[in-house]
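Here are some short exercises to work through with the structure open beside you. Try each task before reading its solution.

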Amino acid sequence: LAVPPFENLGDSTDGYFADGMTDEVRGKLAGLRGLQVIAHRSAAEYKGTTKSFQEIGRELGVDYLLVGKVRWEKGDSAQSRVRVSPELIEVASSSTRWQQPFDAVLSDVFQVQGDIAGKVAQALDVALGEPEKARLEERPTRDLAAWDAFLRGEDFSKRLVALEPSALEA
């Protein structure tokens with residue numbers, strides 16, 4: 001299974017949020033016994049690609065791709081919402097094995113990540129024991145502002161790595 005970066009359908013400055021959603025879902029899936037998940041770096045190169053699912057699957061050597069679209073609608077902290085539309089693609093036929101949109105208040109974003117991973121596991125007939133179910137329900141933090149700051153920092157770090165060293169000297 002590979003999880004290429006989810007597409008950001010919101011404001012272009014919110015791309016870091018879609019990337020963070022992708023990373024969290026990938027991490028939850030990678031923690032499940034019975035699933036082999038391609039590493040972030042290998043899947044990340046397909047961000048914004050126009051390659052077909054079959055091309056991506058062949059290049060990564062996977063049978064399934066979990067693709068997705070993310071829209072973050074900002075409001076005050078109680079009204080911000082996230083909509084995630086994941087789709088599990090069977091590479092050989094480019095057909096949808098599972099798809100379900102998730103629309104939730106931002107405070108439920110961690111539950112959405114766990115729900116997506118659980119539904120993917122179910123669609124792939126991966127049995128989930130109590131330890132796996134508990135891991136899917138884990139929240140990395142209770143502080144959404146801290147999580148947002150972490151995601152922004154991760155995005156900034158990735159962009160710094162892409163810069164030429166001489167660009168950092170000024």
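**Exercise 1. Take the salt bridge of glutamate 59: which side chain is its partner, and how far apart are N and O?**

Step 1. Start with glutamate 59, which has a relative accessible area of 42% and is partly exposed. Buried here means under 20% relative accessible area, exposed over 50%, and partly exposed in between, with a 1.4 Å probe and protein chains only.

Step 2. Look for its partner: the side chain of lysine 51 meets glutamate 59 in a salt bridge, 2.9 Å from N to O. The rule asks for a side-chain nitrogen of Lys or Arg within 4 Å of a carboxyl oxygen of Asp or Glu.

Step 3. Check the partner's surroundings: lysine 51 has 34% relative accessibility, so this residue also counts as partly exposed.

A word on the model before going on. This is a predicted model, in which local features need pLDDT of at least 70 and side-chain atom pairs count only at pLDDT 80 or more, while totals for chains, interfaces and linings use all residues. Residues are numbered from 1 along each chain as its sequence is written, and side-chain values use heavy atoms, leaving out hydrogens and water.

**Exercise 2. Find the salt bridge between arginine 81 and aspartate 103, and say which strands the two residues lie in.**

Step 1. The closest N and O atoms of arginine 81 and aspartate 103 are 3.5 Å apart.

Step 2. Arginine 81 sits in strand 3 (residues 81–90) and aspartate 103 in strand 5 (residues 102–105), so the pair links distant parts of the chain, 22 residues apart. Helices (H or I, at least four residues) and strands (E, at least two) are DSSP runs, numbered from the N terminus.

Step 3. With 30% relative accessibility arginine 81 is partly exposed, and aspartate 103, with 45%, is partly exposed as well.

Step 4. Now turn to a network: Arg33, Glu132 and Arg135 are joined by salt bridges that share partners.

**Exercise 3. Is glutamate 132 buried or exposed, and what does its salt bridge with arginine 33 tie together?**

Step 1. In this salt bridge the closest N and O atoms of glutamate 132 and arginine 33 are 2.6 Å apart.

Step 2. Glutamate 132 belongs to helix 5 (residues 130–137), and arginine 33 to the loop between helix 1 (15–30) and helix 2 (40–44), so the bridge ties together parts 99 residues apart in sequence.

Step 3. Glutamate 132 is buried, at 3% relative accessibility, whereas arginine 33 is exposed, at 61%.

Step 4. The full count of salt bridges is 10.

**Exercise 4. How many aromatic pairs does the structure hold, and how do the rings of phenylalanine 110 and tryptophan 147 meet?**

Step 1. There are 5 aromatic pairs. Rings of Phe, Tyr and Trp (its six-membered ring) pair if their centres lie within 6.5 Å; planes under 30 degrees apart count as stacked, over 60 as edge-to-face and the rest as tilted.

Step 2. Tryptophan 98 and phenylalanine 102 make a tilted pair, 6.4 Å centre to centre with 50° between the planes, and both residues are buried.

Step 3. Phenylalanine 110 and tryptophan 147 meet edge-to-face, at 5.0 Å centre to centre and 75° between the planes. Phenylalanine 110 is in helix 4 (residues 109–123) and tryptophan 147 in helix 6 (residues 144–162), so this pair ties together parts 37 residues apart in sequence.

Step 4. Phenylalanine 110 is buried at 2% relative accessibility, as is tryptophan 147 at 4%. Both belong to one aromatic cluster formed by Tyr16, Phe17, Trp72, Phe110 and Trp147.
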